[in-house]
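Me: Could you go through this structure with me? I'd like to start with the overall picture and then ask about particular parts.

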Amino acid sequence: MKNHFYLKVKKLMPLLLVLTCMAYSVQSMALNKPTLKINKTNFSRDAKWDGYYYIDQAKFTYDATGSTSRTLCLYLDGRLISRTALIGEASTYTRTLLYGGNYEACIEAWDGKNKVVSDKITFTAASAYKAFDAAYYVRSQIRHYPRIIDISSFNVPISETSYFVENIWSENGWVSVSDNGTILTKCELHYGISEEQNKQMWDYIDNTLAALLPEDATDLQKAVIIYSYFGTYSNTEYYFGPHCYDIYGFVERETVCDGIAKAFAAFCEEAGLNCIKGGSGDIGHSWNVIEIDGIWGQTDITWDAQDAGDGHAGFGNFMCTDNEFIDSHTSQHQEITWSCSGVKFPACTSAEYRSGYEFGPDKPGEFWYAPDGRFYTKRNGNTWRYNPNTTEPLGKLLKIDDLPPLDYLTGQVPSNAYLTVPEKVAVGKNIYMAAGAPFNTKVKDYNMGYACTITYDIQKDGNTITTITGAPFEISYYEPQEKGEYTIVAHIKNKYGETSVSKNVTVADIEKIELDLSISTVNIHPNGYEYNGEFVDGDYDYIITGSTTKNLLNFYNTNNTNVTLRDVNIDLRGERGTDETHSAIFVSDASVNLILEGDNKLYAGNDRSAIYMEGDCAATINGEGSLYANGDWAWAAITCVDEQTLTINGGNITAEGGDHGAGIGGSWGRIGGNIIINGGTVTALGGYSSAGIGSGHETDAGKTPIINGGSVKSTGLYAFGGGWDGQGLTPLNSDGTRLTLQKIDNTWFESLTVKGKEYGKPNGTHPYDNMYYLYLPASGDAVLNGVPFRLEDGWPITDNIENMENAEGLYATGQNGTIVLTVNKAQQVSVCSIDGVQIFNAFCSEGQHMVNNVNKGVYIVNGKKIVVR
């Protein structure tokens, strides 16, 4: 048995040797723990204040031989600030230690199965400015919405207060700081957005980066992906909205260069990139500087995004050198600075990552990023894909036949659909509707292969009344004609499927709301109003009351909103000569119907009109009350310029322009718009060298005023027309007939019809004047107070048309259907109607005689005309 067993073992020995060798080989190929070393070098650069600052730059040398992928993890004061994929198994990586503090770093390496982590190395970095270190920390905390943050540990000298405040750039609010006389101790954040909006903003950033970036990306991949995303995000409108200077404006799709630069810096910072927001004060523009593997580059996504209407991000302003930006981004070749502090950017001298984006010797290319993790470009009618498996950045392109799927919702049915409608509207007012199924809360059409459709079913009592076709990022409208409960059902569909969402809307009689300007400014919007810090949704008619020296009445995008001014007094004259610039009433791209009750007074603030219309506007003034409006120097009292329209149907209005401004119409340099007067009493007082109604100083005549009624007393360089260097105009009526001025005693005017059309009635007298100023055709049939006459024959302006004193021994007047004859010398008296019909003929002795039951009209008494009222 022993021999038998020995023989079996002997036969197995070769196999055991093979297995042993294999095990040894596997053990020898196992991934070793990576090694990591650091070499710090200081580079200095002079600043625009006393002394120098320097920043540490770290060059990491690593060895992760045998790994298929590896990541450098960097910590600052215990916080993970960056994870960066490293390209080679053993190489170097350079990063600027932009902020001072205690750092740790390690390498995580994978071989496809196992993960091995190097030993951590620790080191410190000096501060460029302690203010920037503290600001970086505060920015990292803003996502949690703290109010007060202790910054005493950073030892920020009070001399750096402005640098600290300028670099808290995430919010639209403001920052206040406390100090102990030497250093800053606390900062208090006054947010410009709510806590819910703050959470929405940071969720948006986090979710977007999670969707865009591979799990481990290099600096180059991060920078290009984020830059490409900003560039293709073409539905962001360059617009001066309420959050245009902060990150939230980017979330709302309404922002400007400063908000874009702040948002880009926040995205990069959250992705672990070094990124600085800065700009140039002399051209009023903001952009960024970013670092890729130790190389800094000037980067302006605003300028490149403006050319991205086709959905592709241009890279013409990506990773540029200082010299390039000094030529293009300053007006006087000034040095470009970090924020507004005067501190210079790190030097941008290398074009290494800029030249990688050039295709061919003569023209730059464009890249975009797709969900498959690859970059693409169009060249010579073909699609090319960038191969990341190369040590040369963007150095190799692979030709492919077809465009890739370029939507971020590839293969997904729309989800998390939203529908925005008002809770309540008035009969005859529009129900507005906006819907979408978001990639991060919004429907996105990149015009690159992805499309979605939106339709709205309008339902009442369970039945669909109509269906309306909508579109992403557009508002649709439906005007209900009946009261009741309506249901709006939005259907959002893409090529993968459909989702629906519904909401109810109550349609009722319009509600009147009374707001007191002595308490708060009133901002009226198409879907509600802002008052005393709150927004109230819905359609309303408004009654505005109160006196104030600071609060305002503003209209934004309203549509024929009815507003009653009841004894309103807005006096902003205290602002004149200051930097404040306000109108008592501001109308922005809106139409409004003002109804006057009681006595209203409006005085403009500095450099404005009392009622100022901006953009596409129309205003109507009605009512029985009065309005006095006063403009500042060079401004009209009530603006109406270019294609704007002002219609006056009633009220007693006095509009006094400032020097060089019209009473109603244009300010200095602006031509009058469409001014229509159908009734009321209008006194327009133009300032020096300006029209009463029309244009301001040094401006030609604008639109010809239309007068269909009312008493209009207009004084200025011209009553109607242009200012200095302009010309006068003759007003017309709606029929296009030229008008002439006729004056009448206000006690005589009861009603007037001209050529069969009623002439609008004046509303009271002009200041210090008992006459009415009526603009009428030169000829035609008219009826005054029931008395017919022809305009070309002259028309009644007093009880006696002609002076009866010259009639020998006879004086006649008409009073309430009676002709009173005062005879001082007995004589024959004949009374005939204007058309020659005799109604009285008798010899009258001295004394008074009555001709009774006489109809209203013009009569001839012994050859003299009188009027019976």
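Reply: What follows is a short exchange about the fold, the cores, two helices and a surface patch. This is a predicted model, in which local features need pLDDT of at least 70 and side-chain atom pairs count only at pLDDT 80 or more, while totals for chains, interfaces and linings use all residues. Residues are numbered from 1 along each chain as its sequence is written, and side-chain values use heavy atoms, with hydrogens and water left out.

Me: What does the secondary structure come to?

Reply: The protein has 10 helices and 71 strands, where helices (H or I, at least four residues) and strands (E, at least two) are DSSP runs, numbered from the N terminus.

Me: And how much of the protein is buried?

Reply: Of its 869 residues, 52% count as buried, a term that means under 20% relative accessible area, with exposed over 50% and partly exposed in between (1.4 Å probe, protein chains only).

Me: Which residues touch the most other members of the largest nonpolar core?

Reply: Those are Phe60, Phe164 and Phe230, in a core of 83 residues; such a core is a set of buried Ala, Val, Leu, Ile, Met, Phe, Trp, Tyr and Cys residues joined through side-chain atoms within 4.5 Å. Helix α5 (residues 219-232) gives the largest share of this core, eight residues. Another core, of 65 residues, lies apart from it, and its members include Leu515, Tyr540, Ala655 and Ile693.

Me: Switching to helices, is α7 buried or exposed?

Reply: Helix α7 is largely enclosed by the rest of the structure, because 13 of its 14 residues are buried. Just after α7, glycine 272 takes a positive phi of about 95°.

Me: What about α2, how far does that reach?

Reply: Helix α2 (residues 130-141) reaches 17 Å from its first C-alpha to its last, close to the 16 Å expected for its 12 residues at 1.5 Å a residue, the expected span being 1.5 Å times one less than the number of residues. It is also largely enclosed, since 10 of the 12 residues of α2 are buried, including Phe132, Tyr136 and Val138.

Me: Last one, which residues make the nonpolar surface patch?

Reply: Tyr688, Leu717 and Trp724 make a patch of about 330 Å²; patches are made of residues with over 30% relative accessible area and no salt bridge (a side-chain nitrogen of Lys or Arg within 4 Å of a carboxyl oxygen of Asp or Glu), with like charges joined within 9 Å and nonpolar side chains (Val, Leu, Ile, Met, Phe, Trp, Tyr) within 5 Å. Accessible areas come from the Shrake-Rupley method with a 1.4 Å probe, and for residues only the protein chains shown count as cover. Tryptophan 724 lies in the loop between β58 (720-721) and β59 (740-745), and at 42% relative accessibility tryptophan 724 counts as partly exposed.
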